[in-house]
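Let's take a walk through this structure together, with the sequence and the 3D view side by side.

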Amino acid sequence: MFSRRTTTRVVATLGGIAIAALALAGCSSSGGNSNGPVTISLLAAGNDPASTKFANDLSTAFHKANPKITVKVETRPTGTDGDNLIKTRLSTGDMNDVFLYNSGSLFQALHPDTQLQPLTDEAWVKDITDDFKKTVSTSKGTYGAPTGTTFDGGIMYNKKVYEKLGLSVPTTWSEFISNSEKIKAAGITPVIQSYGDTWTSQLFVLADFANVNASDPKWADDYTANKSNAKYSKQPALAGFTHTQEIFDKGLMNKDYASLTNVNALKMLATGEGAQYPMITTVISNVLQSNPDNINDIGYFAVPTDSGAPHATVWEPGGAYIPKTTTGDKLTAAKKLVAFINSPTGCDIQNSAGTPAGPFAISTCTVPDSAPALVKDELKYQDDKKTGLALEFLSPIKGPNLEKILIQVGSGISNAQQGAALYDQDVKAQAQQLGIKGW
């Protein structure tokens, strides 16, 4: 599926902040007091400028509020090198007192029940969203606090184009197609596709998963267990493939879809040359750089469904964790640091670390009034409880060839049914490689 490594690479490519760098969270304070000065270490989410600045700003502000506690910051590589460093330090007992890392499947790979300190009883836990809690918990406890804002997958659209043409945000797929045909008739590209960056081909499938889950809440578990009903070649998951094919078949895409890049696709959307773009909202940071005057012209809506009850697919932020090896006064100080992150000062630091791409995963932090307009669109889905986690947070199985398969479907080389069947085989090979039971 759409992995955290992919999202980090995407934003780095855009020149924005790495996903893992967006921030930390926590709330309230833990009990216990040290009689003397304590020094703890914090492992940042990466070694890019945004990650480094955030960790250093956090360390400085926390020390000012807690003069007896000094936080030493260490950076780390991202991607596979960073994953391996964290796993090695945990297994050898050399992990920093607090570390920032992914939530979801990569968190589960850390064996949290044996290697992390449970934070279940911390006061801030009651303030995190249910979706985020699922991504940092096991049946035995909750282990992480959110690190920044969520972001959604769906359709980013140009509000001025919609207003000019008298269009309303669609909730059904037929309404989306009708809107697209009206946009095309007005001489504007209805649906932007940017296969020049191959990862972008996946959004009609990936961003539709909240709808799949709403239709069948057991689908992710059945998919992981290799149940015959939970296949991409069958509904409800087939819909993302059929949507990809239909946009091509009806000529609703830009002619240069094969070579257009994500950066240039966003420029098309911002200027109104194109009206709709299936995308993840974290890329809004690039619009701030390339077309700042147009940033609030871009809105968001969830992938429409046949039923007319769409749900927004949410990618959760990373987390702040404490290893089992942190004990005594250092554990007390580490819990205070995690809690501080969603204090008023901590929230301000998070908001200054980059452009919010969605709502926070904890109620004690709010996005600023200056946040891009599409964040408010996303927040409505959260407030209405019309959201669902991306599949990568619910299953460890991520077929590596989805983007290539969807480019074939989205270019007319193969049809939706053929592409979905091919992806089912891709998933099977990956599940067998991972040694997952039932495959």
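**A guided tour**

Both C347 and C365 are buried, and they make a good place to begin. Keep in mind as you look around that this is a predicted model. The two cysteines form a disulfide, with their sulfur atoms 1.9 Å apart. The count of disulfides comes to one. The pair joins distant parts of the chain: C347 belongs to helix α16, while C365 sits in the loop between α16 and α17 (373-383), 18 residues apart. And which hand does this disulfide have? The torsion about the S-S bond of C347 and C365 is about -90°, so the disulfide is left-handed.

Helix α16 leads us on to helix α2, since α16 (344-353) is among the elements that the buried residues of α2 pack against. The other partners of those buried residues are the strands β1 (38-43), β2 (69-74) and β3 (98-101), together with helix α15 (328-340). If you would like to pick out the buried residues of α2 yourself, look for A50, S51, F54, A55, L58, S59, A61 and F62. While you trace them, recall a general point: an α-helix has 3.6 residues a turn, so residues three or four places apart point the same way.

How far apart are the end C-alpha atoms of α2? The helix runs over residues 49-65, and at 1.5 Å a residue its 17 residues should span 24 Å. The end C-alpha atoms are 24 Å apart, which agrees with that expectation.

Next, turn to the second largest pocket, which holds about 460 Å³ of space. It is lined by 20 residues, and the closest to its centre are T129, D130, D131, K385 and T387. Helix α6 (130-135), helix α17 and strand β13 (387-389) each supply at least two residues of this lining. What is the make-up of the lining by class? Eight of its residues are charged, six are polar and six are nonpolar.

Our last stop is K386, which you will find in the loop between α17 and β13. Is K386 buried or partly exposed? Its relative accessible area is 35%, so K386 counts as partly exposed. Leaving aside residues up to four places away in sequence, K386 touches P310, H311, A312 and Y381. For a sense of scale, try finding Q202 as well: K386 and Q202 are 184 residues apart in sequence, and their C-alpha atoms are 22 Å apart in space.

Terms used. Residues numbered from 1 in each chain as written. Predicted model: local features only at pLDDT ≥ 70, side-chain atom pairs only at ≥ 80, totals over all residues. Heavy atoms only, no water. Helix = DSSP H or I, 4+ residues; strand = E, 2+ residues; numbered from the N terminus. Expected span 1.5 Å × (residues − 1). Buried < 20%, exposed > 50% of the residue type's maximum accessible area, 1.4 Å probe, protein only. Contact = heavy atoms within 4.5 Å. Disulfide = S-S within 2.5 Å. 1 Å grid on protein atoms, 1.4 Å probe; cavity = no way out; pocket = protein on both sides within 12 Å on 5 of 7 lines; lining within 4 Å. Points joined across faces, edges and corners; volume = space filled by probe spheres on them. Nonpolar A, V, L, I, M, F, W, Y, C, P; charged D, E, K, R; others polar.
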